[in-house]
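Student: Can we go through this structure together? I'd like to practise reading it one piece at a time.

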Amino acid sequence: MRRFFMLMCLVCLGLAGRVHASEVTSPNGEMKLTFTLRDSKPYYSVSFRGKPVIKPSRLGYELHNAESLLEGFTQTGEKTSTFDETWTPVWGENKTIRNHYKELLVGLIQEKTGRVMNLRFRVYDEGVGLRYEFPQEGSKLNYFVVKEECTEFALTGDHIAWWIPGDYDTQEYEYSRSRLSEIRPLFKKKVTDNASQTSFSETGVQTSLQLKTDDGLYINLHEAALVNYPAMHLNLDDKNMVFRSWLTPDAQGIKGYLQTPCQSPWRTIMITDDARKVLSSHLILNLNEPCKIKDTSWIHPTKYVGVWWEMISGKGDWAYTSQFPSVKLGITDYAKAKPSGRHSANNENVRRYIDFAAQHGFGGVLVEGWNIGWEDWFGNSKEYVFDFQTPYPDFDIKALNEYAHSKGVKLIMHHETSSSIMNYEKHMDRAYQLMKDYGYDAVKSGYVGNLIPRGEHHYSQIAINHYQHAIERAADYKIMVNAHEAVRPTGLCRTYPNLIGNESARGTEYQAFGGITPGHTAILPFTRLQGGPMDYTPGIFEMQCSNGSRANSTIGGQLALYVTMYSPLQMAADFPENYEKHLDAFQFIKDVALDWDKSIYLEAEPMEYITAARKAKGSSSWFVGSVTGLKPHNSTLRLDFLDKGKTYVATVYADAPDADYKTNPQAYTITKGLVTAKSVLKLHSVAGGGYAISIVEAKDTKGLKPLK
Ligand code: NOJ
Ligand code: CA
């Protein structure tokens with residue numbers, strides 16, 4: 001009787017509004033999001049196929065000089081809806097993308113203050129997006145200053161995580177695979193050196209974060225549509241296995257100046273039992289706004305070579321002279337300088353790259369070190385470090401562009417900002433105009449070193465707004481942008497498809513800075529590439545660098561990256577003379593497409609292997625790539641994605657049986673033969689290796705045998 005009475009009391013309390021639950025399920029019914037107000041505090045939870053994946057997790061904000069937005073809420077209403085639309089990206093992995101979700105919008109008011117904080121949840125078959133919305137109308141919230149966003153992700157166990165250290169200034173780390181509970185003991189060892197870095201907690205990690213549960217679920221946490229807001233990190237409470245959002249502060253420790261009406265970026269949780277679905281998901285793109293650029297006819301995927309690896313690998317320099325102890329732009333007289341003889345961006349060398357690009361069908365030639373200032377470009381927290389206008393005496397900007405254009409090639413501009421974003425903004429219009437004057441339509445920008453304004457971070461709100469400004473301003477000039485060291489992407493390339501690339505992770509340059517551990521390129525598509533393409537700059541054929549470093553890869557593994565690392569911008573990073581030694585293997589880089597009608601992930605396990613097949617846009621040709629991590633991998637490749645009834649010629653570029661990423665990286669085999677949709681190929685990749693296949697509809701089958 002007493003127990004019955006207690007139960008009745010609890011039911012009454014529930015009815016009185018202390019716990020109110022709203023639910024929304026994905027279109028296929030497998031993913032369920034539940035929102036509750038418990039004791040006037042907002043919580044959400046997520047289950048997949050009936051199993052909890054995210055336990056009840058808090059939502060809300062702590063504010064500066066104002067009461068927090070964490071409790072005291074009443075639900076004012078809720079609205080559910082369904083959305084199903086198919087859109088066409090300007091470039092991408094697939095010709096069309098379906099955006100299909102069910103939405104729950106929850107209205108909340110903090111009774112005491114009259115401030116409104118609405119929550120929007122979108123539930124897809126493969127994950128969830130949630131964001132905060134702050135309307136101005138009907139709310140007492142106008143300007144507010146964020147102390148911390150308090151979004152929790154309460155996990156159900158000590159999952160496996162593939163993580164890099166949380167850092168306000170760099171993402172250029174190698175990934176670690178460990179249990180969540182092992183992050184703290186490993187953390188310090190994993191913070192390897194970078195030109196600018198600021199970690200904040202021994203359990204702080206970056207997104208996109210890939211997790212795997214012991215019962216085989218893959219969970220991925222990231223954000224979408226990061227606009228006018230600091231980038232989010234995650235900090236783990238490793239006693240309870242709860243991640244909390246941890247925003248990047250500005251120079252004063254503030255985590256966002258907001259003005260209503262406004263909204264947070266989407267917080268995303270992908271959940272699937274199939275690792276391949278993490279790679280094929282378009283969750284992040286779908287949560288971004290449609291394209292805002294009206295005329296996109298000038299945006300085009302590009303394959304390029306560049307005066308770049310010479311400097312990175314120690315063969316040449318960006319600087320013209322070694323005479324100046326420092327440089328003052330406008331005062332330092334380069335006409336009087338004695339050239340060091342190591343300046344790679346000189347007329348003759350640039351012409352050599354243009355000739356090579358033209359001969360092999362590349363659209364672009366990146367030239368770094370073309371402009372004055374590199375003698376003294378970083379390390380001194382210098383504001384006025386480049387003017388982005390004045391070429392070195394041995395770089396004839398007019399003649400070189402004319403020469404390139406005469407051969408059907410475009411030079412790609414380089415703007416290293418040295419992280420002086422103030423200085424870049426001061427010069428941006430003139431810099432973009434100079435590009436237009438000479439016929440450049442793409443720029444690689446860079447943000448090496450500590451940010452200026454001093455004390456700001458690479459991922460604080462002011463920097464996010466700078467990167468955004470650069471993209472939008474570039475679009476005004478019909479310029480495509482590939483930003484290095486900028487914030488990791490969050491799908492904004494859907495809205496601004498002139499953002500054709502970002503680095504924002506440890507790229508191939510680290511092969512020349514001591515080497516990259518195999519497995520890196522088998523985790524990046526799960527993590528960094530979730531938000532958009534990476535300018536990974538693959539294609540190293542000569543692993544030994546002039547500076548003594550060695551690239552940890554095989555030629556087979558390098559070729560695979562043109563397929564596995566999706567990007568509309570792909571570099572062939574090595575020197576022309578190194579490709580000339582292996583023209584048969586180089587043929588794959590020449591042939592591989594950049595833009596696709598269809599992409600299929602055939603095999604995947606984070607950091608171990610990824611095998612992808614893509615159908616070139618507007619063509620019947622397919623390209624396959626497979627990369628491996630620290631273990632060799634055997635693929636049984638069913639070509640059932642090919643058109644039935646057609647015969648194709650497949651060219652397989654594989655690791656030779658005796659290939660070894662350390663001792664025999666240039667050992668590859670090239671096999672040509674006929675394949676159909678019924679073919680099954682057995683392929684072997686060595687550790688740190690891989691294979692690439694081009695599959696072209698057969699016109700002439702003479703002399704060719706079926707491939708086995
Ligand atoms: C770092 C970039 O990642 C690299 O590609 C570039 O060459 C240097 N900065 C110089 O701008
Ligand atoms: Ca970099």
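**Cysteines, a ligand and a metal**

Tutor: Sure, and keep in mind that this is a predicted model. Let's begin with a cysteine: Cys262 has a relative accessible area of 17%.

Student: Is Cys262 buried or exposed, then?

Tutor: The cut-off for buried is under 20% relative accessible area. Cys262 comes in at 17%, so the word for Cys262 is buried.

Student: How far is the sulfur of Cys262 from the closest cysteine sulfur?

Tutor: That closest sulfur belongs to Cys150. A disulfide needs two cysteine sulfur atoms within 2.5 Å. The sulfur in Cys150 is too far from Cys262 for a bond, because the distance is 16 Å.

Student: And how many disulfides are there by this rule?

Tutor: We've just seen that Cys262 is too far from Cys150 for a bond. By the rule for sulfur pairs, the count of disulfides is zero.

Student: Let's move to ligand 1. How much of its area does the protein bury?

Tutor: Start with the contacts: a polar side-chain atom of Glu368 is 2.6 Å from an oxygen atom of ligand 1. Glu416 also has a side-chain N or O atom 2.6 Å from a ligand 1 oxygen. Ligand 1 on its own exposes 300 Å², and the share buried by the protein is 95%.

Student: How many charged residues are in the shell around ligand 1?

Tutor: There are 13 residues surrounding ligand 1, with Glu368, Glu416, Lys444, His484 and Glu503 the closest. Sorted by class, the shell has five nonpolar residues and two polar ones, and the charged residues number six.

Student: What about the calcium ion (ligand 2): what is its site called?

Tutor: Its protein donors come from Glu172, Glu485, Glu503 and Glu509, at 2.2 to 2.6 Å. Six octahedral donors would ideally give angles of 90 or 180 degrees. Here the angles among the six donor atoms are 51 to 165 degrees, and the site is irregular.

Key: Residues numbered from 1 in each chain as written. Chains lettered and ligands numbered in written order. Predicted model: local features only at pLDDT ≥ 70, side-chain atom pairs only at ≥ 80, totals over all residues. Heavy atoms only, no water. Buried < 20%, exposed > 50% of the residue type's maximum accessible area, 1.4 Å probe, protein only. Near = heavy atom within 4 Å. Polar contact = N/O pair within 3.5 Å; in protein donor to acceptor, adjacent residues only side chain to side chain. Areas by Shrake-Rupley, 256 points an atom, 1.4 Å probe, with all protein chains shown as cover. Nonpolar A, V, L, I, M, F, W, Y, C, P; charged D, E, K, R; others polar. Donors = N, O, S within 2.8 Å, 3.2 Å for Na, K, Ca; no water. Tetrahedral: all angles 85-135°; square planar, octahedral: opposite > 155°, others 65-115°.
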